[in-house]
Amino acid sequence: MVQAVGKSIPRKETWEKVTGTTKYINDMTRPDLLHAAITVSPHAHATIKSIDLSQAIEIPGVKAVITGKYYPILTGSPLEDRPPLAIDKVRYYGEPVALVIAEQAHIAEMAVLQIKVEYELLPSVLSPSAAYQKDAPLVHEDLASYKQHEEKVYPVPGTNIANRTKIRKGNMQEGWRNCAYTTEVHVTLPQADHAAIEMRCSMAEILPDGNVIIHSTSQSPFVIRRALSASFHIPLHKVIVHTPLVGGSFGGKSAIQMEYLAFLASRAVNGRAVKLVNTRENDMISSPVHIGLDARIKLGCNHEGRLMAADILHLYDGGAYSDRGAVMSRSGAVDCTGPYRIDNVHCDSLCMYTNHPYSTSFRGFGHPELTFTIERAMDLLASRVGMDPLEFRFHNAIGPGDTAPTQTPLNRSNLGNLPMCIAELKSLVHWDDRPLREVNGHLIKAIGVCCFWKTSNTPTDAGAGAVILFNADGSVNLLCGAVEIGQGTRTALTQLLAERLRMDVQRIHISMEVHTETDPQHWKTVASRSTFLVGNAVLLAADDAIEQLKNIASIVVGCLPADLDVGNGKVYFKNHPETWIAIDKIANGYKFPNGNTIGGQIIGRGSYTMRNLTPLDPETGKGNPGPEWTVGAQAVEVELNTRDYTYKIVKAATVIDAGKVINPEMARSQITGAMSMGLSYASREAFQFDDKGNILNPQFRTYKLLRYGEQPEYCIEFVETPFLEAPYGLRGIGEHGLIGMPAALGNSLATAAGVELNHLPLTPEMIWRTIHDPV
């Protein structure tokens, strides 16, 4: 029989991409298309005194200019706290203030420059720690009045706290009493950019029959549909969203921003089609960004090096609006201990409003930040105890029979095998054959390690559907709502289907576009959940189709359906596989010699929804936040030059428990890309703000990314401990290669430099200042 799972088949969209025929949203055009551009705020916090549109509207080719007063609503999830265009005041540098619609993009851009806005500056809150102070200026004075959506969050009116998640596990007094060693660490991680190649883009049109057609580069087409329906009171079935291939995202295109603006633009010109494309600068400062964190942790262990207690405060920099930042702060609480057994935990994880750009999902969803916090403390505590840092982690690795910070019982299926990952990493980097620190004149080589874990923090009702259509020749079309953002999900789904149907994967076709009118609903393509959610739906749809094939074939060959099986393009007798009927004879019904026909087109249907998830108790954090954890261990080797504190990243290694690797080559590529992103973020990426909250590096000339020649050697290995609820035992791995890279790099450089490096990005200047100018 044909085997598809575990094979490195080429991705389904490869031909389109390498030949340059792929069509992205910004490739779409038509003769009557209008173009939009936005005016953004030059201030981080200010009252809007007046807006003069007169000069802009007089420019030939300008069709309309609108402001927040045109349609004054609040949007957002889980809190409705953000107007599509600022109303009354601006809360971050780059916030959209006005929208121009014109015949040509350059005309719209020219008109934007003619809009005159008068501001009155307000005191700004420019860090989560500053926002946490009792006398801090309020970013949102009306926090108490904001409507909440289904995802429960706990804002604190009269403060800048958009959400507080509490973890209360065990007995803290007893935990500290049993500690022989403790350490306290303060870390900071900056806001940064997603830096996807394709800028955010959306096109909207309102048809005469009331249908709203949205084309968007998005991870969340079905969420767009619901959000526009709710915000603008449009029947759900009249909002139709198209999402083709997306040119990279990393979480940044899960937020809904451009779609609101494009819809308002179309509405302002009587429903004509309007396209809104971010400039690179607006994509960096106006659209949502990668979250920051200011955190403090106290960690303790006994004489034997067993962790006893952890007290953690996370202050996430959610920026001006809550968006996904509020949920990310909850995620930061759920997994706050890292993958270690700690029976006594006190954690407050807060999403803080600041006058920074607002934050949304970023690869890892709050976990690179929490992992940096716990792993810096783990290295320090291991040193205090006098234990090898990797052995210290092995000694405390969480395992079956333990509980998560949320008191969720853990077993081999939902947890995987962290000790095996650590053991594999130890071998992969030759840990026992070398010192942690090697000095050769002014060059110092060092290696740092970390462990990570992540559960998905999805809504308890997150789900997906799938439909498979059999063609007359026995080939199959697969319909589903998972968005292809470069991660290869739609290829992996065809492999799952091919494995279940035991057919050649090349005979399965899947379109790269998601269309909400024809594709089954999928929650959204985030959280490393798509292959799990849609994959389960695909297998159920395959089982439905198999049952139909066997029922028709049983009539044709005169036996019970239970006597038959399906594979290799045939329905055959289980006990006599040499006796069979070809699927193409029955895929669209079977015609007997006398002309009578039974059956019809085989259409398999399946749907799957998360199981056994529960909300967190607001006082203790007890609950079941996700179906399973993906665990792993990582290492980074560096060479530090003590003359100027520049350094070279020599090697980066990851061992991850993938449950079951569906496509090995694709999995390695995905993890390599994630590791590179993590190293880039840790070593240099950060928004630079002045003392007024203005971003000083809003372009790639000044916002630095890891370049091709700076990439280290990447080493990746897999452990496979099946997750029993997932298709063929797989676990989500799309984000996980990134999670521990900042921590492993920080630990390696701290070892090399001989000082504690607790603040990202880890630039040569930051290392020099820590050594020579620590104040």
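Against which elements do the buried residues of α9 pack? In this predicted model, the buried residues of α9 pack against four partners that lie in strands, namely β7 (161-169), β15 (307-319), β16 (344-353) and β17 (359-360), and against the helix α10 (367-385). Helix α9 itself spans residues 325-334, and 10 of its 10 residues are buried, so the helix is largely enclosed by the rest of the structure. The buried set comprises G325, A326, V327, M328, S329, R330, S331, G332, A333 and V334. Two of the elements packed against α9, β17 and α10, also flank the loop that holds F365. The phi angle of F365 is near 50 degrees, a positive value in a residue other than glycine. With a relative accessible area of 10%, F365 is buried.

A second positive phi in a residue other than glycine, near 65 degrees, is found at A527. This residue is placed in the loop between β23 (514-515) and α15 (530-557). A527 has a relative accessible area of 15% and therefore counts as buried, the cut-off being under 20%. Most residues other than glycine have a negative phi, and most peptide bonds are trans. Cis peptide bonds are nevertheless present in the model, one of them from S77 to P78, with omega near 10 degrees. P78 belongs to the loop between β3 (62-67) and β4 (89-90). Another cis bond joins L760 to P761, with omega near 0 degrees; P761 is located in the loop between α18 (741-753) and α19 (764-772).

The protein is divided into three parts: domain 1 (13-17 + 462-609), domain 2 (32-122 + 197-248 + 253-286) and domain 3 (292-459 + 614-772). The contact between domain 2 and domain 3 takes 22 residues from domain 2 and 25 residues from domain 3. The C-alpha centres of these two domains are 36 Å apart. The size of an interface is often given as the accessible area lost when the parts come together. For domain 2 and domain 3, the area buried between them is about 2,000 Å², of which 57% is on carbon and sulfur atoms. On the domain 2 side, the residues that lose the most area to domain 3 are Y92, Y93 and M284, which together account for 28% of what that side buries. The count of salt bridges between domain 2 and domain 3 is zero, whereas nine residue pairs are in polar contact across their interface.

Strand β2 (residues 46-52) contains I51. I51 counts as partly exposed, because its relative accessibility is 28%. Beyond its neighbours within four places in sequence, I51 is in contact with T67, V97, I115, K116 and V117. Of these contacts, K116 is 65 residues from I51 along the chain, yet the C-alpha atoms of I51 and K116 are separated by 5.7 Å.

Helix α16 (residues 664-683) consists of 20 residues. From its first C-alpha to its last, α16 reaches 28 Å, close to the 28 Å expected at 1.5 Å a residue. The helix is mostly covered, with 14 of its 20 residues buried. In α9, by comparison, 10 of the 10 residues are buried.

Definitions and conventions
Residues are numbered from 1 along each chain as its sequence is written. This is a predicted model: local features need pLDDT of at least 70, side-chain atom pairs count only at pLDDT 80 or more; totals for chains, interfaces and linings use all residues. Side-chain values use heavy atoms; hydrogens and water are left out. The expected span of a helix is 1.5 Å times one less than its number of residues. Buried means under 20% relative accessible area, exposed over 50%, partly exposed in between (1.4 Å probe, protein chains only). Domain bounds come from an automatic or database domain assignment. Contact means heavy atoms within 4.5 Å. Buried area is the accessible area (1.4 Å probe) that two parts lose on being put together, summed over both. A salt bridge is a side-chain nitrogen of Lys or Arg within 4 Å of a carboxyl oxygen of Asp or Glu. A polar contact is a pair of N or O atoms within 3.5 Å; within protein, one must be able to donate a hydrogen and the other to accept it, and residues adjacent in sequence count only if both atoms are side-chain atoms.
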